[in-house]
Amino acid sequence: MKKIFHKVILLIFLFVLLGMTTALAENLGDRILKEGSRGQDVAQLQSRLNSLGFWSGKVDGIFGPITKDAVMRFQKANSLKVDGIVGPQTLRALEINSVSRSSIGRFSARDIDLLARLVYAESRGEPYIGQVAVAATVLNRVNSLLYPNTIPEVIFQKVNGLYQYCTVQDGQIYMTPNETARRAVQDAIGGWDPTGGAIGFYNPAKTTNAWVRSRPITTIIGNHIFYK
């Protein structure tokens with residue numbers, strides 16, 4: 001009986017340890033990636049490769065043959081060992097850095113809450129990286145000379161009498177965001193931009209706007225196409 005009890009305890013410990021290992025590998029650069037890997041860090045890798053022009057397929061967090069091929073093409077272009085494995089040298093070539101949160105203080109609590117509301121309204125149900133991406137596009141507009149320079153002004157901007165975001169137009173912006181949306185905003189403000197500098201996004205199944213469809217695509221995450 002004692003032996004069975006000890007085995008159960010050991011199994012529980014191994015499951016906890018496995019969960020901790022997975023959590024530690026949440027960000028790209030925390031572990032070596034190769035075909036068969038899955039997780040948030042793989043999604044970050046795919047987003048980065050797509051933004052650099054090495055198409056790795058839909059950003060889904062699954063390191064399959066298309067992602068491996070993109071890694072190999074990137075390695076060849078950068079005179080690296082072409083093995084399809086994302087190790088230290090490939091990560092350095094991808095210019096992967098830990099997300100810094102030093103810039104969070106430049107925005108007020110009201111700014112952050114408003115951006116979380118937009119992220120929740122526009123992308124709830126999307127993968128986490130897609131929610132970070134939506135937040136990043138707003139910040140890219142804030143930093144662009146072509147748009148207003150504050151989060152509220154960007155979100156409530158009108159062009160030809162219409163709001164730029166349909167969820168502002170229909171009032172969904174006033175829904176209470178969840179913690180996932182708030183965390184996505186923090187990651188975007190901290191410097192994570194999965195879009196490769198995009199200033200907008202759209203769901204091709206929900207828009208017929210010819211202008212947005214004509215813009216250069218930076219990446220596709222979930223149901224959203226991101227553009228410059």
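Entry 1. I took a residue as partly exposed when its relative accessible area falls between the 20% below which it is buried and the 50% above which it is exposed. The model I examined is predicted. I looked up Phe 156 first, and its relative accessible area of 29% makes it partly exposed. I then looked up Tyr 163, which is also partly exposed, with a relative accessible area of 29%.

Entry 2. I checked the rings of these residues. Phe 156 and Tyr 163 form an edge-to-face aromatic pair, with 6.5 Å from centre to centre and 75° between the planes. The ring of Tyr 163 also has a charge over it: the charged end of Lys 158 sits there, 4.8 Å from the ring centre.

Entry 3. I counted the aromatic pairs and obtained seven. One of them joins Tyr 128 and Trp 192, whose ring centres are 6.3 Å apart; their planes meet at 50°, so I recorded the pair as tilted. Which parts of the chain does this pair tie together? I found Tyr 128 in helix 6 (residues 128–142) and Trp 192 in the loop between helix 9 (179–189) and strand 3 (200–202), so the pair links parts that are 64 residues apart in sequence.

Entry 4. I looked up the accessibility of both partners. Tyr 128 has a relative accessibility of 11% and therefore counts as buried. Trp 192 counts as buried at 11% relative accessibility. I also noted that the charged end of Arg 183 sits over the ring of Tyr 128, at 4.2 Å from its centre.

Entry 5. I turned to helix 6 itself. Helix 6 has 15 residues and spans 22 Å from its first C-alpha to its last, which is close to the 21 Å expected at 1.5 Å a residue. Is helix 6 enclosed or open? I found 15 of its 15 residues buried, so helix 6 is largely enclosed by the rest of the structure.

Entry 6. I noted one aromatic cluster formed by Tyr 165, Phe 201 and Phe 226.

Entry 7. I ended with Asp 111, which lies in helix 5 (residues 109–123). Why does Asp 111 have no salt bridge? The nearest side chain of opposite charge, Arg 110, is 4.5 Å away, and a salt bridge requires a side-chain nitrogen of Lys or Arg within 4 Å of a carboxyl oxygen, so Arg 110 does not qualify. Asp 111 is nevertheless buried. Leaving aside residues up to four places away in sequence, I found that Asp 111 touches Ile 151 and Pro 152.

Conventions:
Residues are numbered from 1 along each chain as its sequence is written. This is a predicted model: local features need pLDDT of at least 70, side-chain atom pairs count only at pLDDT 80 or more; totals for chains, interfaces and linings use all residues. Side-chain values use heavy atoms; hydrogens and water are left out. Helices (H or I, at least four residues) and strands (E, at least two) are DSSP runs, numbered from the N terminus. Buried means under 20% relative accessible area, exposed over 50%, partly exposed in between (1.4 Å probe, protein chains only). Lys and Arg count as positive and Asp and Glu as negative; His and the chain ends are not counted. Contact means heavy atoms within 4.5 Å. Rings of Phe, Tyr and Trp (its six-membered ring) pair if their centres lie within 6.5 Å; planes under 30 degrees apart count as stacked, over 60 as edge-to-face and the rest as tilted. A charge sits over a ring if NZ of Lys or CZ of Arg is within 6 Å of the ring centre and within 35 degrees of the ring normal. The expected span of a helix is 1.5 Å times one less than its number of residues.
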